[in-house]
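This report looks at one protein chain, from its overall make-up to its nonpolar interior and a part of its surface. Please keep the sequence and the structure in view while reading.

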Amino acid sequence: MPKFQVSLSYSSSKLTSLCHILSVNPFWTRILYFVFLSLLGFWGLNVLEPRTDSFKPRKFDLFFTSVSATTVSSMSTVEMEILSNPQLIIMTILMFIGGEVFTSMAGLFLSNFISEKNNVIDDGEIELGNPKPENLNPEQLAQNKGETFNNGEHLLYHSIMFLGFVILGYLLIVNILGSATVFLYISFVSSARSTLKSKGLNLFTFSIFTTISSFTNCGFIPTNENMVVFNKNSGLLLVIIALALLGNPLFPMCLRFSIWVMGKCVSKVGDYCDYLLKNTREIGFHHLFTTRRSCCVVGTALVFVVVQAVLFFAMEWNSASLKELNPFERTIGVLFQSVNTSQAGETIVNLPAMSTVILVVITITMYFPPYTSIPFVKDEKKEQQNQENREGKTAKELLSQLASICVFVFLICITERKNMKEDPFNFTPFNFLFEVVSAYGNVGYSLGYSCKLRLKDEANCVDKSYGFVGRWSDAGKTVLIVVMMLGRLKRYNMVWKFS
């Protein structure tokens, strides 16, 4: 195949600038990505018609919903059953491409692309019409691109590319199997099928929507009551529990296991798998942990679930939300609720009716970032090397994030000061704090709004199934949009430092 050499002048400088921007500050790259997706999703939701002709959501609420789906936060200002089937499909796409697994995979491919372009630019020429890198051996790759890669650099490049395809396979397999399982369960269980039929929801759309929402840890469900209407369908709850865990705390361990299995079963990628498993620090991928840390993440998640489950059993076993369930259904329901508090944010109980102690525990749990880990097993050598830096960094991050949440609560108290004066039992500081922590943690829980708590009895006040933020002013909703965006990117620690 002939080679065509293109001299780099103005076009190369633009490519260099683009690669520099994308690689230097990942925070701005990703926030632009989420803003673009939110605007695109808003356009799609606005163009499509809702299910009911009598009521059409405000454009600002549709934009809020689009942001909430893109950032996998599931904070709601509209009732879900108002949305039509095409609008639910738009939200499904937003959750899928806004989820952490997808964006991390896309980030891997983008970083490899930038690395490749930077190497070509540094050499001073671009060659077109060459075979793809994966079809070349190291010597051909170096010869055709004028690169000076040694075997280690070549192995790093292709190992990262292979890692991206492993994540893609994991993403597709889990979501396809999950959707099929939900579809089959509802098809064969009459109670679940009749619930879906009574609400006029498409079974195929519901299965895919619920699977993706659970796997991405978003928490949206196409029903107004979330999963409350399925609280007796223990099999469905167990499937959703598995999806929520596979999409968050179990992802690093499952990723390592998948790489290990590929290395054992496919000899051609054995070198890549060994490199990935032994050089997690050099790879620098946020979700590829050592075996020790993967176990610590899973162990910590298990501790959170057990602590919450014990509290639920002790304080909510005979609550109104669970009293109609038999002991087995209650146990599964408590497990479902305990897992979702720090994961997907789906619920089978009426949160405002729960005890204050449980609500405080839920607030604390939602505050902890993903992959919070307790060092169950100590590596004394590494602990001694990193102790000083880690302690200072961890304290700074936790205090800075807590300070950010306090600032946002303060701003919302300002925007909603009129409502706080006229409706003090609904618009309380704790309700604001709960909503902000839920949005910042991208969980999606809300204490809602009750017309019974109003000081002035108004005949036109109707309880709605959307979140507490749905009763806020547009200024307050705007603040929460910012909270959801920054919460989605909190691992970059940019809430307080934008330089």
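What follows describes a predicted model, beginning with values for the whole chain.

The secondary structure of the chain consists of 20 helices and two strands, and the table lists some further chain-wide values.

| Property of the chain | Value |
|---|---|
| Residues counted as buried, of 499 residues | 48% |
| Contacts joining residues at least 24 apart, among those between residues at least 6 apart in sequence | 76% |
| Accessible surface | about 24200 Å² |
| Part of the accessible surface belonging to carbon and sulfur atoms | 63% |

Turning to the interior, the largest nonpolar core comprises 115 residues, and those with the most contacts inside it are Leu 163, Ile 167, Met 227, Leu 255, Ile 259 and Leu 480. Helix H7 (residues 151-188) supplies the largest share of this core, namely 11 residues. Because domain 1 (20-100) and domain 2 (383-494) both contribute residues to the core, it lies between them. When residues up to four places away in sequence are left aside, Ile 167 touches Val 101, Met 105, Leu 108, Phe 251, Leu 255 and Phe 285.

In soluble globular proteins, nonpolar side chains tend to be buried together. Which residues form a nonpolar patch on the surface here? The patch is made up of Phe 36, Leu 40, Trp 43 and Val 47, which together have about 460 Å² of accessible area. Among them, Trp 43 is placed in helix H2 (residues 26-47), and Trp 43 counts as exposed because its relative accessible area is 58%, with exposed meaning over 50%.

Technical notes:
Residues numbered from 1 in each chain as written. Predicted model: local features only at pLDDT ≥ 70, side-chain atom pairs only at ≥ 80, totals over all residues. Heavy atoms only, no water. Helix = DSSP H or I, 4+ residues; strand = E, 2+ residues; numbered from the N terminus. Buried < 20%, exposed > 50% of the residue type's maximum accessible area, 1.4 Å probe, protein only. Contact = heavy atoms within 4.5 Å. Areas by Shrake-Rupley, 256 points an atom, 1.4 Å probe, with all protein chains shown as cover. Patch = residues over 30% accessible without salt bridge, like charges linked within 9 Å, V, L, I, M, F, W, Y side chains within 5 Å. Salt bridge = Lys/Arg side-chain N within 4 Å of Asp/Glu carboxyl O. Core = buried A, V, L, I, M, F, W, Y, C linked by side-chain atoms within 4.5 Å. Domains from an automatic or database assignment.
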